[in-house]
Amino acid sequence: MRTWGAAPQAPDNSVSGIEPFENATLRQIVRVSGGGGRIRIRLSNEYGSAPLTIGATHIGLADSDSEIRHGSARAVTFSGRPTAIVPAGAPILSDPVDLDVAALSRLTISLHLPGRVDTVTCHGTFHALGWIIPGDATALTSLPTGATPLPAQALITAVEIQTDSPTQAIAVLGDSRVDGIGSSPGADQRWTDLLAERLDTRGGPTRCVVSQSISGNRLLTDGIGTAALARFDRDILATPGLGHVVIAVGNDLVFSFAPDTEENSGFLAMFPGDPVGVDDIIAAHVQLAARARAHGARVHAATIAPYGASEMYSPEGDKAREQVNSWIRTSGAFDGVLDFDAVWRDPSDSTRIRSDLHMGDNLHGNDAGYRALAEAVDLSLFD
């Protein structure tokens, strides 16, 4: 059962880059949603330029941002061995490790990479807590002197748990509003994090919330990250224990209708491809829903929240957004609707986000905004 995930990306100019390094330990902290008694991790060299050598791997419960809880450190093996070589283009799954992990726990994962690493498969988010440490520091319980911040999530793409209780995963296909841009860095304030907290507080069967978001991602066209339609099988349908899918990607219309201003020119250059319209977005949603149901999952869609007064806003784009939202609400194509447009829109101007819910750019939420989204979700959708 997957309890945490990060969609892998190529280390291109759209992602905070990790400079080439050699003989170093990457120490990273992730927060799981559901808990269990055995865990395993998934690493990825899918965008690597050469085979990746793993010299040693340790996991433990994070006592603080830089300390590992006493007695919780465990060595990790791959096919029974402490070392592994991951071919370029491939992922690798560790052996299960006995470790009692409570829901909403933070895990510390340390990877020693003895060889030179020029390209690191990563996830471009400022929410990651991680460090680069010279040499093999996997067995250290404290962060040593000489550690430097890691600018992106690196190599780790999933944490899986084994539990005897009924458990399902809720996989969220998303963009920057799912990735939590604008929330407090490293504080687990994305709406998916907060939804996991609500589900845990409610009790009952475990529902793990797995964010498979990429900031800047689009449904139909590559740009920042592989297009959502193309990465859907890897990032969503391959999720162990998949029970529910949430579709929450709204960038296609935003970028297709964005005004071609001097302020936007550099940003829009990162998003090549022909403009798309309402019918294209509807067809993409229908396709994703069909593919998810073929895997036995229930499918939910989020309406596209407003973005008026942002640099990307245009009246034509907003009209298209409202048409897509009307279809999401009324088509009956989904098992549930998360009406994020209704939660965020300003009662005095439906094209804009309420001023107390965005980060200042009229496009992304702040902590209060993402909490409002999480609290608006009907938990019974996931029963």
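Ala302 has Leu338 as its bridge partner in β20. This pairing belongs to a predicted model. Ala302 itself falls within strand β19, which spans residues 298-302. Three bridges join β19 to β20, and the two strands run parallel.

Step back to the whole sheet. It is open and has five strands. Their order is β17-β16-β18-β19-β20, with parallel pairing. Strands of a sheet pair through backbone hydrogen bonds, either parallel or antiparallel.

Which strands stand at the edges? They are β17 (206-213) and β20 (336-338). Each has a single partner strand, so one side of each is left without a neighbour in the sheet. From one strand to the next, the twist averages 20 degrees.

Now turn to the helices. Helix α3 covers residues 228-237. It lies across β16 (167-174), β17 and β18 (242-248). Relative to β16, helix α3 runs at about 160 degrees.

Helix α6 takes in residues 278-294, and Leu288 is found there. Is Leu288 buried or exposed? Its relative accessible area is 0%, so Leu288 counts as buried, the cut-off being under 20%.

What is Leu288 in contact with, leaving aside its neighbours within four places in sequence? The list is Leu173, Leu219, Leu229, Phe232 and Ile247. Several of these fall in elements already met. The range of β16, 167-174, takes in Leu173. Leu229 and Phe232 lie in helix α3, residues 228-237. Ile247 sits in β18, residues 242-248.

One distance rounds off the tour. Ser348 is 60 residues from Leu288 along the chain. The C-alpha atoms of these two residues are separated by 34 Å.

Terms used:
Residues numbered from 1 in each chain as written. Predicted model: local features only at pLDDT ≥ 70, side-chain atom pairs only at ≥ 80, totals over all residues. Heavy atoms only, no water. Pairing = 2+ DSSP bridges. Helix = DSSP H or I, 4+ residues; strand = E, 2+ residues; numbered from the N terminus. Axes fitted to C-alpha atoms, helices over the stretch in contact; angles between N-to-C directions. Contact = heavy atoms within 4.5 Å. Buried < 20%, exposed > 50% of the residue type's maximum accessible area, 1.4 Å probe, protein only.
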